[in-house]
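Colleague: I have some questions about the labels used for this model. Please give the reasoning behind each one.

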Amino acid sequence: MSVYHDEVEIEDFEYDEEEEMYYYPCPCGDRFQISREELIAGEEVATCPSCSLIVKVIYDPEAFAAEQDETEAVAGKATDQLEKN
């Protein structure tokens, strides 16, 4: 069983679109991090690369996966349109 430093809602994390990573400040001065891919896979623990602290990420995995499916569908349609032209 893990001991979480805190439980933090995904809305409180900062999202880096380029890296597809979510970040949240850690008391050690670094940042907790969790990737979009990890969240889609159902992971709920964000880690700090500089210390042993971890936080539990509070989010709805089903809504997150649905958002990913929607994003992929839009990207697929754009690709189809490009191929038609």
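Colleague: Why is serine 35 called buried?

Modeller: The model is predicted, and the values are computed from it. Serine 35 has a relative accessible area of 13%. Buried means under 20%, so serine 35 counts as buried.

Colleague: Where is serine 35 found, and what does serine 35 touch?

Modeller: Serine 35 is in strand β4, which covers residues 31–35. Leaving aside residues up to four places away in sequence, serine 35 touches Glu20 and Met21. A contact here means heavy atoms within 4.5 Å.

Colleague: What makes glutamate 38 partly exposed?

Modeller: Glutamate 38 has a relative accessibility of 35%. Partly exposed lies between the limits of 20% and 50%, so glutamate 38 gets that label. Glutamate 38 is found in helix α1, residues 36–40.

Colleague: Which residues form the negative surface patch?

Modeller: The patch is formed by Glu17, Glu20, Glu37, Glu38 and Glu43. Glu counts as negative, so the patch is called negative. A patch residue needs over 30% relative accessible area; glutamate 38, at 35%, is therefore above that cut-off.

Colleague: How many salt bridges are there in the whole structure, and which side chains meet?

Modeller: A search of the whole structure gives 1 salt bridge. The side chains of glutamate 44 and lysine 56 meet in a salt bridge, at 4.0 Å from N to O. The pair links distant parts of the chain, 12 residues apart. Glutamate 44 lies in the loop between α1 and β5 (45–47), and lysine 56 in strand β6, residues 54–58.

Colleague: What makes 4.0 Å count as a salt bridge?

Modeller: The rule asks for a side-chain nitrogen of Lys or Arg within 4 Å of a carboxyl oxygen of Asp or Glu. The pair of glutamate 44 and lysine 56 is listed at 4.0 Å, and is therefore counted.

Colleague: Why are glutamate 44 and lysine 56 each called partly exposed?

Modeller: Glutamate 44 has 32% relative accessibility, and lysine 56 has 22%. Buried would need under 20% and exposed over 50%, so both residues fall in between.

Colleague: What is the secondary structure of the protein, and what share of the residues is buried?

Modeller: The protein has 2 helices and 6 strands. From the N terminus, the elements run β-β-β-β-α-β-β-α. Of the 85 residues, 24% are buried.

Technical notes:
Residues are numbered from 1 along each chain as its sequence is written. This is a predicted model: local features need pLDDT of at least 70, side-chain atom pairs count only at pLDDT 80 or more; totals for chains, interfaces and linings use all residues. Side-chain values use heavy atoms; hydrogens and water are left out. Helices (H or I, at least four residues) and strands (E, at least two) are DSSP runs, numbered from the N terminus. Buried means under 20% relative accessible area, exposed over 50%, partly exposed in between (1.4 Å probe, protein chains only). Patches are made of residues with over 30% relative accessible area and no salt bridge: like charges are joined within 9 Å, nonpolar side chains (Val, Leu, Ile, Met, Phe, Trp, Tyr) within 5 Å. Accessible areas come from the Shrake-Rupley method with a 1.4 Å probe; for residues, only the protein chains shown count as cover. The place of a charge is taken as NZ of Lys, CZ of Arg, CG of Asp or CD of Glu.
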